[in-house]
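User: I am new to this structure and would like to go through it by question and answer. Please show it to me before we begin.

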Amino acid sequence: MHHRSIPLLLIAVTVLLAACRRDPPPPPEPVGPSPEEIEQARQDSIEAARRAEEEARRAEAERRAEEERRRLNAERRARGTLAEVRDALTRMVHFEYDQSRITSEAEQLLREKVEILRANPEVTVRLEGHADERGSTEYNLALGQRRAESAKEFMVGFGIEPSRIRTISYGEERPLVNQSNERAWAQNRRVEVVVLSGGESDRDSDR
Amino acid sequence: MLVLRLHDVVYGEVRQEGRFRIPDPSRDGFRMAVHRVSDRVVEWIFDEPGMAASRIAFSVSRAGPDGVANQELYTVDSDGENLRRVTGYGSITMSPAWSPDASRLAFTSFKSGEAEIYELDLGSGQERRIATNRDGQHYTPTYHPDGQLLAFSVHGGRQSGIYTYDVERDCCLTSLTGGRWDDLSPTFSPDGRRIAFNSNRLGVATPQIYGMALPEGEPDLLSPYLYGQGGYYTSPHWSPRGDRIAFHGRVQRGRYHILVTGAGGRGARVRQLTWEGNNEDPSWAPDGRHIVFVGERPEGTGLLVVDGATGRIRTLVEGLRVRVPAWSPSLGEPEEIRASRGGS
């Protein structure tokens, strides 16, 4: 039993040796990509990087352009014709029911006004607070005043001189929309901006 | 001359008799003279003041030529007659208050471009601005029963407070309350030792009524505030009898109704006097029984009067956009001709 196993082993070795000898060793099976592929990938990568860079450059340029456009817009608004300035400056700010808190929508409008006031240091304004008809006549005076003060505080927080902003409240006495429904009420809860000085001469030349 | 005898039909005797000088019925003062006499009769019977000889001041909102709504002050007699315009400023003028002798009206007007307090002498027509030299909007004046002090609120920055001003000496602005909230609509107790007012110190959307001893008490809640439930109660007016305070509040489904509570402090029962429409700004008649208020009904807004004893409501002024009425004190005694005989 012992003897029979040895030739079997030998045969196995011979077969192995024979196999080695008969065919030339094939080129090592490539582990990674071929040099061509590598080269291709390298090129691709360079290309992608270039494209990405280009893309980024373009995005950056676009962002810059957009920024510039915005800046120019803001500047134009801020320094533009009085009609445009007045329009942005006197756009009403609205409030929630029974509240004097500045909403995010109101915040955007107020920031725009801050820009205009910064660019036009001679302009002074009056903020007129209003309430909807619900609730008490006298209490609504206080609520309207609180709204006007809250808008003023916001603008002063962005560096506008407090002395350039006067406030008053008309309570529920001067509604914008003389109706009794949710839409009318929402429109009536507001702060209006009236230009007191600094725009008169422009207004004349504007006409 | 008007001769009145009060017969007691049970005992079959004349209990009171009076002779009164009355102008000719064609003259201006006729109606009011008769009202004074009828108040005397109420006094004979109930030993309590009447309210016939009185007027109600209020403002009326109207669109001006430019379409902007203005308000002027008016007065009307307690029976709805004799409607008269008192101011013509072409601005917003509101929140009238009668001096205790009914000779003057104090009010808020926006005619200077700011909300300021003015005092108008109804006899001479002379008017003056109360110059407090304090920045801010001045609202809701009311007279102290001595007629010398005026209380009102001042709102500036995010602050407000109630102040008094000596209108006789034209000086001495004194702070009673204040803080980073809204205090307004002060009203004195008839003995002048307490003041009630409206404040949203518990939250901007939950104004409440407070009472406070003068000069330096702590404010006590008078309105039925429940923690966590808020509530909306404003426009207090102290009864001339001293025992109760009327105000209005948001009651059910966002409706506003006239409410009355005891002036003693919290826990007093709250009585509701109106049940339909919206109802605001109550003001007591000099009899401490009737209350005038602004009532909004489907058919229109007007001044209504509720009899606190019976709950009955009558219309005083209709067809006008009325605001914040103030009932005057009694407009004086009838002109009695003292004769050799007659009642005491």
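The questions below turn to the contact between two chains and then to a pair of strands in this predicted model.

User: How much area do chain B and chain A bury between them?

Analyst: The size of an interface is often given as the accessible area lost when the parts come together. The contact here takes 27 residues from chain A and 39 residues from chain B. Of the area buried, 47% is on carbon and sulfur atoms. The total comes to about 2,800 Å².

User: How many salt bridges are counted between chain B and chain A, and which residue does A:Glu172 meet in a salt bridge?

Analyst: The count between the two chains is 6 salt bridges. A salt bridge needs a nitrogen-to-oxygen distance within 4 Å. At 3.9 Å, N to O, the side chain of A:Glu172 forms one with that of B:Arg323.

User: How many residue pairs are in polar contact across this interface?

Analyst: Both residues of a pair must be at pLDDT 80 or more to be counted. Under that rule, the number of pairs found is 21.

User: Which residue of S23(B) is the bridge partner of B:Glu280?

Analyst: Strand S22 of chain B covers residues 278-284, and 7 of its 7 residues are buried. S22(B) pairs with strand S23 of chain B, residues 290-297, in the antiparallel sense over 5 bridges. In S23(B), the partner of B:Glu280 is B:Val294.

User: Which residue in the turn between S22(B) and S23(B) has a positive phi?

Analyst: The two strands form a hairpin with 5 residues between them. In that turn, a phi of about 65° belongs to B:Gly288.

Key:
Residues are numbered from 1 along each chain as its sequence is written. Chains are lettered from A and ligands numbered from 1 in the order in which they are written. This is a predicted model: local features need pLDDT of at least 70, side-chain atom pairs count only at pLDDT 80 or more; totals for chains, interfaces and linings use all residues. Side-chain values use heavy atoms; hydrogens and water are left out. Contact means heavy atoms within 4.5 Å. Buried area is the accessible area (1.4 Å probe) that two parts lose on being put together, summed over both. A polar contact is a pair of N or O atoms within 3.5 Å; within protein, one must be able to donate a hydrogen and the other to accept it, and residues adjacent in sequence count only if both atoms are side-chain atoms. Buried means under 20% relative accessible area, exposed over 50%, partly exposed in between (1.4 Å probe, protein chains only). Helices (H or I, at least four residues) and strands (E, at least two) are DSSP runs, numbered from the N terminus. Two strands pair if DSSP finds at least two bridges between them.
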